[in-house]
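The exercises below go with the structure shown next, and each one is followed by a solution worked out step by step. Please try each task before reading its solution.

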Amino acid sequence: MPPPLDVVLTTDPSLRRQQRALLVPGEVLDALGIRPGSLASVHVGSRARGVWVHLDPDAGARHDVALRLDARTASALGVEPGGHVAGRLDAPAVLMTPQPMRLDYPQAANRVVVSARVAADLGLTRGRVVLRSATRTMTATAWSPPDSDRQSDDRVRLNYHARLLLGIAAGGDERVQLSPWPDDRGGRPVATLLRAAAQRVRLRLGAPVRFWLGAPSLSLAVRSAASIDDGQRVARCSAATFDLLGAEPGDRVRVSWGARETSVRLFARPGADLDLSAGPAIVDWSTGRTDDEIPDDSTILVPAAVRAELGAPRDGVVDIRRSTAWLVRKRAVALTLPLIGVAVSVAGLSLPAEVGAILLVVATLMTLARDRVPRVRSTVALDG
């Protein structure tokens, strides 16, 4: 991996509506050995931000050698509009050959397997990595098998759906770029701590409900939404996605990209009732697959404003799961009268308060049972 580069940074006013964007000439990409659209870290003093590195098409026409940041990221790093600041660009990444996932390994699309040596060399933070193919970008959690000889240092294991979303074809020599997810430092520590604390509290409070109802997560390739959905925080997917999530049209779902997560309402895409028999055959390592050939039931239409909030690129792969908090609120409205009837009946039986409370909880859980999504096995036990 090449060492970090000392660079000069400035602000590009035309990137005001973009987030975490850095425009660089082709020579910088070659020096770092990364692909356009890769995730890198920009350091200015004690501050650091993760940015998406894009090729600057006008770099040759400029006499200014400074790399150009979007306005929001430049402000977070302390780069004044029109000013020039010395910084450092770090993009640790390795190119690896994809291979199928072993049946006895975790089969989720957002879980990849790398050797322990690669994980140590990249300095993976909490195991989060970014995978970049020729057409798509996705985040995942890296896992290293305890038996080191099961995984080669130059290969990464992906399940079929992950390879499908990344547009990886069989029989070719295309490799995927693996890089660690960068951590932001400095700038607004109080806001960052409050956001992390609120997310931790929300996850802990909702854990019992998610355990009972289930909250399966799906990885879907992002496509641009229609203009009518841009200001409505509406995402659209196929009818098959609703069945897998255990959601209904109009429900709120949680969309996550890396460490960020937000809520949107989910509706069916027009014409989403697909004839799956006419779609691409589910054959492992199907040859010649391109980005346009990703099946519609593996894609989601996400508005630009939501993608900007998440910091996800246009060609990203996001994780989506139903919001259990939304589901409980929706069902609570429908269950108000029945639960009041149960409470009155329990009170009329003159039962102890503890017994009445238990009966009320059992009635609530059994009524919500129809919304429960069964857990699936993520690994297969193999002999030998």
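**Exercise 1.** About how much area does the chain expose, and what share of it do carbon and sulfur atoms supply?

*Solution.* Keep in mind at the start that this is a predicted model. The chain exposes about 20000 Å², and carbon and sulfur atoms supply 57% of that area. Turning from the surface to the interior, 42% of the 384 residues count as buried.

**Exercise 2.** Describe the surroundings of strand β2, beginning with its two faces and going on to its partner strands.

*Solution.* In a regular strand the side chains alternate between the two faces of the sheet. In β2, which spans residues 21-24, Ala21 and Leu23 lie on one side and Leu22 and Val24 on the other, and all of them are buried, so that both faces are covered, where buried means under 20% relative accessible area. Next come the partners: β2 pairs with β4 in the parallel sense over 4 bridges, and Val24 stands opposite Leu55 in β4. With β5 (residues 67-69), β2 pairs in the antiparallel sense over 2 bridges, and here Leu22 stands opposite Leu69.

**Exercise 3.** Which element gives the most residues to the lining of the second largest pocket?

*Solution.* The second largest pocket has a volume of about 570 Å³, and 20 residues line it, the closest to its centre being Gln18, Arg307, Ala312, Pro313 and Arg314. Both β4 (47-55) and α7 (304-310) supply at least two lining residues, and α7 gives the most, with 4 residues. Sorted by class, the lining has 9 nonpolar, 5 polar and 6 charged residues.

Technical notes:
Residues are numbered from 1 along each chain as its sequence is written. This is a predicted model: local features need pLDDT of at least 70, side-chain atom pairs count only at pLDDT 80 or more; totals for chains, interfaces and linings use all residues. Side-chain values use heavy atoms; hydrogens and water are left out. Buried means under 20% relative accessible area, exposed over 50%, partly exposed in between (1.4 Å probe, protein chains only). Accessible areas come from the Shrake-Rupley method with a 1.4 Å probe; for residues, only the protein chains shown count as cover. On a 1 Å grid over the protein atoms alone, a cavity is a set of points where a 1.4 Å probe fits but cannot get out, and a pocket is an open set with protein on both sides within 12 Å along at least five of seven lines; lining residues have an atom within 4 Å of a point. Grid points are joined across faces, edges and corners, and a volume is the space filled by probe spheres set on the points. Ala, Val, Leu, Ile, Met, Phe, Trp, Tyr, Cys and Pro count as nonpolar, Asp, Glu, Lys and Arg as charged, and the others, Gly among them, as polar. Two strands pair if DSSP finds at least two bridges between them.
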